[in-house]
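Colleague: I've got a new model open and I'd like to go through it with you. Can you show it and take my questions one by one?

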Amino acid sequence: MNLKMAAYLTAMSTTASAFSRSTLTVRRRAMTTVVPRLVSSRAAPASSSASNNNNFRLFSTAEAPATESSTAAEEAARAAAEAAARAALKSPFLQTMRDRGFLFQCTNLSELDSLLCDATSKNEAVSSYLGFDATADSLHVGSLLQIMILRHLQQSGHRPIVLIGGGTSKVGDPTGKDESRLLLTDEKIQQNTDGISKVFQTFLTFGDTDPTDAIMVNNDDWLSGLKYLEFLRDYGTHFTINRMMSFESVKQRMNRDAPFSFLEFNYMILQAYDFLELNRRYNAQLQLGGSDQWGNMISGVELGRRVDSAQLYALTAPLITTSDGKKMGKTAGGAIWLNADKLSEYDYWQFWRNTSDEDVIRFTKLFTELSLEEIGKMENEWKGADINKAKIVLADEATALLHGRESLKSIHDTIDSMFKGGKSVQASTEGLNRIFVSDDEVAGDGVKFIDLFVKLGLANSKKEARRLIQGGGAKLGEEKITDENAVLDMDGFAGEKEVTLRAGKKRAGVVELK
């Protein structure tokens, strides 16, 4: 055991030994829903009936390594049992998760399947939640998998709960991070909350009239009001340091050079408590998330069982990487944001169009609503160079889900005019990201092209913009920019109101005079 780990064990064990368990009484009030604003957690909820079933079984579709005590025969039997459980699924939601590639890990899979089927047969909905911390003012495409899960959940007849992590954002999720996140001010967290909340209204139906209507809540409503000593006394005994240290996310941080703060160490406790609160307030029975959250989600399932005897469930999707092993959601040009004011519709479309041959079918299953039959036909018929047809279908369908199908016309017009000729300049640039400059800025010394490429998101830095120019990939219209110190002045507009800057063959943006 390294010194950092030993120090944590000593400090946390000493603190934990001081805790004593007490009973928490929760006052329950009638739930109200406000759309599209966040539902106030002060609205209260119907309580789920306590379950006497304390059995806690794990099911994982991941290929877990054999333990030292397990034999090859035991591992084969376990794998066969898991395969049989997957094949036997009857609920439309879990079938969709399985068939489209979302299902990775689940607790008590068969029981969850029965719960979903029973609810459907009674015209009822199972409430399930997924959390999103407010660490930026827009989600990026790495969060799209989770949003699609909520969309499939609602389409299968159940209720999505979007949990905005206004409270947990004050702590910062350490999962997968090499160092502590920067602490955000309350004002910044609120700004980010407002920014990320927009996209859910595109994918989900919010309301308070139908059992499947989605709601949005913020864990700051209950976390910020907690009294520290009472919280430790009521819940501290339900978490052991030994168990917490066994989670892979904790192990990874402990083995890195950057310190793992006590603040971050508490994140999993707060996430577990979220599940308990959501079950009490909104009868949430299922938590959804990425596989990197598995340990935190299990802690929530266990906390609900220990404190309220509630039967809760956790289901994860795999972390999505590209075929070359890169994390989904970022490119050399930066993050692929979901908000249109952060990334143009055209650039979003191009991101999907640039999907590798190896990923296109998998991504079409995950990020579009094309039927599996249609996708199977694409996979079987479009081979070789024809795979590019599948990439265009993926780009069209994914972009239509986020920005609306009406956005596709301007995108295709842009592509036709920029790369195939024809059409007017004005029509061709409608779908491109654009920035504005004033007459005063360009009338004098002009604006350096390297600054314009950065502002348009065509380069991440001035250094990258210079490399683009030096490599011959930077153009003003059809003319190469060869001088890294060159500027755009009034002459560059040649009497027009806008000009197009290009970075390579497929990326472009517009500079428009105010």
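Colleague: In what order do the five strands of the open sheet run?

Modeller: Quick caveat: this is a predicted model, so local features need pLDDT of at least 70, side-chain atom pairs count only at pLDDT 80 or more, and totals for chains, interfaces and linings use all residues. Residues are numbered from 1 along each chain as its sequence is written, and side-chain values use heavy atoms, with hydrogens and water left out. The pairing in this open sheet is mixed, where strands are DSSP runs of E with at least two residues, helices are runs of H or I with at least four, both numbered from the N terminus, and two strands pair if DSSP finds at least two bridges between them. The order is β10-β16-β15-β12-β13.

Colleague: Which strands stand at the edges?

Modeller: An edge strand here has a single partner strand, so one side of it is left without a neighbour in the sheet. The two are β10 and β13 (479-480).

Colleague: In β16, what is the bridge partner of E498?

Modeller: Strands of a sheet pair through backbone hydrogen bonds, either parallel or antiparallel. Strand β15 (residues 498-503) and β16 take the antiparallel option, over six bridges. The β16 partner of E498 is E512.

Colleague: How far apart are the closest N and O atoms of R434 and E512?

Modeller: These two form a salt bridge, meaning a side-chain nitrogen of Lys or Arg within 4 Å of a carboxyl oxygen of Asp or Glu. The pair links distant parts of the chain, with R434 in strand β10 (residues 433-437) and E512 in strand β16 (residues 507-513), 78 residues apart. The closest N and O atoms are separated by 2.5 Å.

Colleague: How many salt bridges does a search of the whole structure find?

Modeller: Some sit within one helix: R78 bridges to E82 at 2.8 Å between the closest N and O atoms, and both lie in helix α2 (residues 72-87), four residues apart, about one turn. D413 and K409 meet in another, at 2.9 Å from N to O, and they too are four residues apart, in helix α19 (residues 407-419). An α-helix has 3.6 residues a turn, so residues three or four places apart point the same way. Across the whole structure, the search finds 19.

Colleague: Is K409 buried or exposed?

Modeller: The cut-offs are under 20% relative accessible area for buried, over 50% for exposed and partly exposed in between, with a 1.4 Å probe and protein chains only. D413, the partner of K409, has 12% and is buried. K409 has 58% relative accessibility, so K409 counts as exposed.

Colleague: Why is β7 largely enclosed by the rest of the structure?

Modeller: In a regular strand the side chains alternate between the two faces of the sheet. Both faces of β7 are covered, with Y313, L315 and A317 buried on one side and A314 and T316 buried on the other. So β7 is largely enclosed because its buried residues number five of the five.

Colleague: What is the handedness of the crossover from β6 to β7?

Modeller: Strand β6 (residues 284-290) and β7 pair in the parallel sense over five bridges, and L288 has L315 as its bridge partner in β7. The chain crosses from β6 through α14 to β7. We call a crossover right-handed if, with the strands pointing away from the viewer, the path from the first strand over the helix to the second runs clockwise. This β-α-β crossover is right-handed.

Colleague: Which residues of α16 are buried?

Modeller: Helix α16 (residues 360-367) is mostly covered, with six of its eight residues buried. Those residues pack against α3 (92-100), α5 (144-155), α15 (345-353), α17 (372-381) and α18. The buried ones are V360, I361, F363, T364, L366 and F367.

Colleague: Leaving aside its neighbours within four places in sequence, which residues is K391 in contact with?

Modeller: K391 sits in helix α18 (residues 387-403). This lysine is a buried one, with a relative accessible area of 9%. Counting contact as heavy atoms within 4.5 Å, and leaving aside those sequence neighbours, K391 touches W352, R353, T355, S356, D357 and V360.

Colleague: What is the approximate phi of N123?

Modeller: N123 is in the loop between α4 (109-121) and β3 (127-133). At 69% relative accessibility, N123 counts as exposed. Its phi is positive although N123 is not a glycine, at about 60°.
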